[in-house]
Amino acid sequence: MTLDLASIRQLVEPADPLDLVAGAAAAVVRGVAGVLAGDDVTSACRPGDFVIVLDAPPAAGWPMDAFLRRCADARAAGVAFRRGPVDQGSRSVAARLGLAVVLCDDPWRLSVVVHELLHSPVDTRIGALTRALVAALEAAGDDLEDLLRAASRVAGRDFLLLDTKGRGLFSETTWSEADQAVLELPLPRSTVSFNSVLPSGVRLIARRVELTGRDVWLGVALPGGDTVAAEVMACGLAVVQAAAAQRLASLQMIHERDSRTRAALLSEVMEAGPEPSEDLLRRALAAGWDLRGWHVGVRIIALGDGATISLRDDLLAAFAEQDLPLRAVEQTDGWIGWLSFSVEPTRAIESISASIRRAQRAFQSALPTAIGVGGLAPGAAGFAKTLGQAADAARIAVNRPASGHFVHIDRLGLAQLLLALTHTDVFTPAAKGLLDPLGDPDGPLVTTLAAWLDAGGSQQETAAVLGIHRNTVAQRLAHITRLLAVDLSDPETRLALHLACRAVKLTP
Amino acid sequence: MGYPALRLEMLADYESGCEVLGSGGGGGPTPVMVALAGLLRDRELPLLAELPPDARVCAAGAMGGPSVFAERLPAGDEFAIAKRLLLRLGLPAPTVLMPVETAGLNGPYAAYLARVEGLPLFDADLMGRALPTLQQASPAVAAELGPVVLVAASGEALLADTRSADSAERILRAAVPECGGWGLFVTRPFAADELAGAVVPGTVSRAISLGQALRLLPPWARGPEIARAVDGRLLGSGAIAEVRRHPRRGAFGGGNMYLTDTAGGGVVRLEYQNEYLLAAVDGRVAVTCPDLLIVVDPRLRRLIPPEDLRPRLEVAVVALEGPRWWKETPERLARVSPRAFGLDQDPIPWEAAA
């Protein structure tokens with residue numbers, strides 16, 4: 001049987017932390033040779049042996065270099081010494097020779113452990129790993145990252161928290177492209193564990209950690225061929241998964257509690273009206289809400305099925321990416337959010353609106369949403385007002401796929417006005433006649449025209465709203481110009497067409 | 001090939017050749033070289049490839065700290081004092097001088113003394129390279145070294161009337177600090193037949209040739225060309241990564257340095273005491289004393305002694321075959337192999353490591 005240094009580490013730590021000063025933890029050990037520094041290593045060591053020197057390393061300089069060389073010439077897998085100085089030159093020599101060099105406190109005990117390990121059945125190794133993991137997990141604090149670090153240290157492998165597509169939640173994972181493709185394949189909900197060799201030869205064993213609203217996976221990557229190590233690690237994984245699930249669940253509970261607190265505070269603020277008490281202002285400030293500045297309400301309504309609590313961080317991240325410091329309070333159907341500015345923002349409200357749109361699109365992969373945006377308003381009174389406007393806009397946005405489920409209240413005013421004007425028995429048939437050459441009122445041409453006019457003539461924004469390429473928009477507009485025989489650059493024509501689109505789209 | 005005389009225009013070559021044969025030790029030759037140049041301005045120094053049968057040869061050289069030598073220059077009459085002492089002992093007057101080692105400052109120093117005394121210089125020495133102790137002088141193995149004399153720059157002299165090189169080394173080494181850090185060491189006058197087979201021949205000429213080979217290198221020459229010019233072997237070149245100095249063990253300090261070869265990536269480790277004694281590449285011992293090791297700054301074409309090693313200095317490490325005289329019998333080799341310096345390593349034959 002063979003072992004790698006990582007599995008050896010599992011057994012001797014934490015009592016004797018092994019210091020790997022050169023070479024790789026993946027070095028495969030076939031046997032063990034205990035020697036003294038003065039002994040003739042060449043005759044004591046067989047190929048694949050882990051040479052365990054019961055003394056400190058030889059003197060820094062060529063004696064150490066030469067000793068490492070003799071070990072490498074005897075094809076040793078690695079060398080262990082009692083803890084002592086090993087200079088950078090000797091580390092480089094070991095690295096050049098492909099020799100793992102380990103320092104420990106008790107080489108004698110290490111040699112006994114390696115001996116036992118090499119000749120013990122899998123069960124013993126499983127027992128040893130689980131014992132070591134339980135001890136390490138008990139000692140680790142409440143923090144999930146600390147917990148995974150402690151477990152990784154004991155197991156000698158990194159425990160990774162992954163999303164359903166194999167992407168690391170705490171750390172960047174570097175799967176090869178072929179591996180990534182495999183990991184993105186959806187797994188049935190009932191699958192709780194995963195153990196397979198990926199195209200790059202890496203074996204990933206993982207277990208599902210179920211949470212309300214979304215799932216994460218806890219995984220470990222191993223060299224593909226070592227089935228024994230995989231068997232041992234699968235048991236270790238189960239232990240760590242239980243601890244990680246518990247930490248995640250309590251994290252979720254804290255989130256929920258915070259969310260309730262936020263919701264209560266928000267309703268107090270809304271009820272307080274234009275002159276909130278000093279105490280309320282202070283409490284709002286403590287929550288990170290500055291009611292005295294300028295505000296833009298952003299109401300976000302979930303269109304898909306998703307737990308808003310667990311996605312709040314992703315939502316904030318999507319907005320932060322656009323430089324928008326969103327505050328958000330969970331609602332049953334989404335979030336009430338707002339952006340606060342301590343002074344009147346110099347940035348045009350249109351540019352803020354465009355940024356919100358980009359954030360909405362970025363967040364789309366996690367959860368499709370409808371977003372309503374209120375006007376810019378100052379002070380506590382303005383806060384309530386813009387939040388109200390945002391709520392109204394969002395309700396309309398839910399039914400407006402043509403605008404990408406995005407409605408800004410400043411534009412809505414005009415649109416509603418137009419709507420009122422065009423909704424007459426005289427105008428509607430005329431509008432239908434005008435757009436008749438474009439075919440079905442719900443067809444691509446009418447939709448594109450309407451979206452383009454809504455977007456103020458921006459092909460780029462139209463493309464984003466409709467989820468099509470910009471060139472397609474340009475080509476459709478050219479087609480529309482031909483079919484209608486009109487000049488789209490003429491403002492009169494655009495107004496007529498805009499009114500017609502509205503009338504046609506809204507008439508059943 | 002031997003040179004018949006040492007002339008002014010050969011001095012620069014002789015100086016750098018002595019540095020090469022110093023293998024990092026022997027001290028900086030520049031101060032003596034300045035004095036020697038003054039003496040050779042109008043007259044050359046005859047070099048003897050062979051000794052006349054009736055020759056009486058004293059070997060001379062500085063013993064002690066080379067760095068003190070530069071601070072406390074010789075008074076000029078040290079050899080005269082030594083000669084008086086030997087004459088008083090009833091020994092014959094020397095007719096020829098020779099260097100103890102044609103290395104570091106001792107190569108030019110012996111030439112300087114010979115020129116002051118008006119004696120010819122024997123083109124040979126007792127060590128063939130820089131070596132630290134009197135036991136490592138060839139007559140200590142092949143003949144009898146003593147009696148020997150040590151003269152301080154302040155004029156005090158010490159005669160050790162002993163035949164044993166061990167006790168001569170012990171007594172003189174103990175007296176060196178009292179002499180102010182260094183003293184002139186002079187052997188008794190050897191008869192020509194005593195020295196037959198008991199000296200390393202041609203060392204002065206070898207130093208001149210080595211220096212000439214280095215001087216003739218084109219300016220762009222780096223490690224490989226330098227090694228080829230001195231008929232040596234390049235062990236590696238690159239920036240010194242680390243220098244580690246040991247506290248004194250016995251009489252001499254020491255240490256080691258390593259660099260990573262920019263060409264092959266090999267880790268070149270150099271162990272030194274007074275001289276560079278051993279080189280290992282990737283842990284494989286490649287060169288040992290008595291073969292020579294030099295550390296060269298290839299751009300400035302300057303040899304770096306151990307005390308000037310500094311991290312990040314760009315150098316080439318070059319090995320040259322040492323004097324064959326030491327390798328002719330196991331007894332001789334034992335005197336100068338790594339174990340003689342307390343390094344637990346068998347000597348590596350020059351050919352074996354190629």
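**Domains, chains and salt bridges in a predicted model**

Trainee: What makes up the area buried between domain 1 of chain B and domain 2 of chain B?

Mentor: In this predicted model, the area buried between domain 1 of chain B and domain 2 of chain B is about 1,900 Å², and carbon and sulfur atoms give 66% of that area. On the side of domain 1 of chain B, B:Val20, B:Arg129 and B:Val141 lose the most area to domain 2 of chain B, together 29% of what that side buries.

Trainee: Why is a buried area quoted for an interface at all?

Mentor: The size of an interface is often given in this way, because the parts lose accessible area when they come together.

Trainee: Where do the two domains of chain B lie in the sequence, and how many residues does each give to the contact?

Mentor: Domain 1 covers 5-203 of chain B and domain 2 covers 222-341. Domain 1 of chain B gives 28 residues to the contact and domain 2 of chain B gives 23. The C-alpha centres of these two domains are 25 Å apart.

Trainee: What is the count of salt bridges, and of residue pairs in polar contact, between the two domains of chain B?

Mentor: The count of salt bridges between domain 1 of chain B and domain 2 of chain B is zero. For polar contacts, the count between the two domains is eight residue pairs, both residues being at pLDDT 80 or more. On the side of domain 1 of chain B that touches domain 2, the elements giving two or more residues are α1 (11-22) and α6 (138-142) of chain B. By class, that side has 14 nonpolar, eleven polar and three charged residues.

Trainee: How do you know that B:Arg269 and A:Asp87 form a salt bridge?

Mentor: The closest N and O atoms of B:Arg269 and A:Asp87 are 2.7 Å apart. The cut-off is 4 Å between a side-chain nitrogen of Lys or Arg and a carboxyl oxygen of Asp or Glu, so the pair qualifies. Across the interface of chain B and chain A, the rule finds five salt bridges. The elements that give two or more residues to the side of chain B touching chain A are β12 (233-249), β13 (252-260), β14 (267-272), β15 (276-281) and β16 (284-288) of chain B. That side divides into seven nonpolar, six polar and seven charged residues.

Trainee: Which three residues of chain B supply the most area against chain A?

Mentor: The area buried between chain B and chain A is about 1,400 Å², with 51% from carbon and sulfur atoms. B:Arg269, B:Asp282 and B:Arg284 supply 37% of what chain B buries there, more than any other three residues.

Trainee: What does the salt bridge of A:Arg83 with A:Asp105 tie together?

Mentor: The closest N and O atoms of A:Arg83 and A:Asp105 are 2.7 Å apart. A:Arg83 lies in the loop between β6 (78-82) and α4 (88-97) of chain A, and A:Asp105 in the loop between β7 (100-104) and α5 (107-118) of chain A, so the pair joins parts 22 residues apart in sequence.

Trainee: Why does the radius of gyration of chain B agree with that of a compact globule?

Mentor: With 354 residues, a compact globule would have a radius near 20 Å, and chain B has 19 Å; therefore the two agree. The C-alpha trace of chain B spans about 60 × 40 × 40 Å along its principal axes.

Terms used
Residues numbered from 1 in each chain as written. Chains lettered and ligands numbered in written order. Predicted model: local features only at pLDDT ≥ 70, side-chain atom pairs only at ≥ 80, totals over all residues. Heavy atoms only, no water. Domains from an automatic or database assignment. Contact = heavy atoms within 4.5 Å. Buried area = accessible area lost by both parts, 1.4 Å probe. Polar contact = N/O pair within 3.5 Å; in protein donor to acceptor, adjacent residues only side chain to side chain. Helix = DSSP H or I, 4+ residues; strand = E, 2+ residues; numbered from the N terminus. Nonpolar A, V, L, I, M, F, W, Y, C, P; charged D, E, K, R; others polar. Rg over C-alpha atoms; globule rule 2.2 N^0.38 Å.
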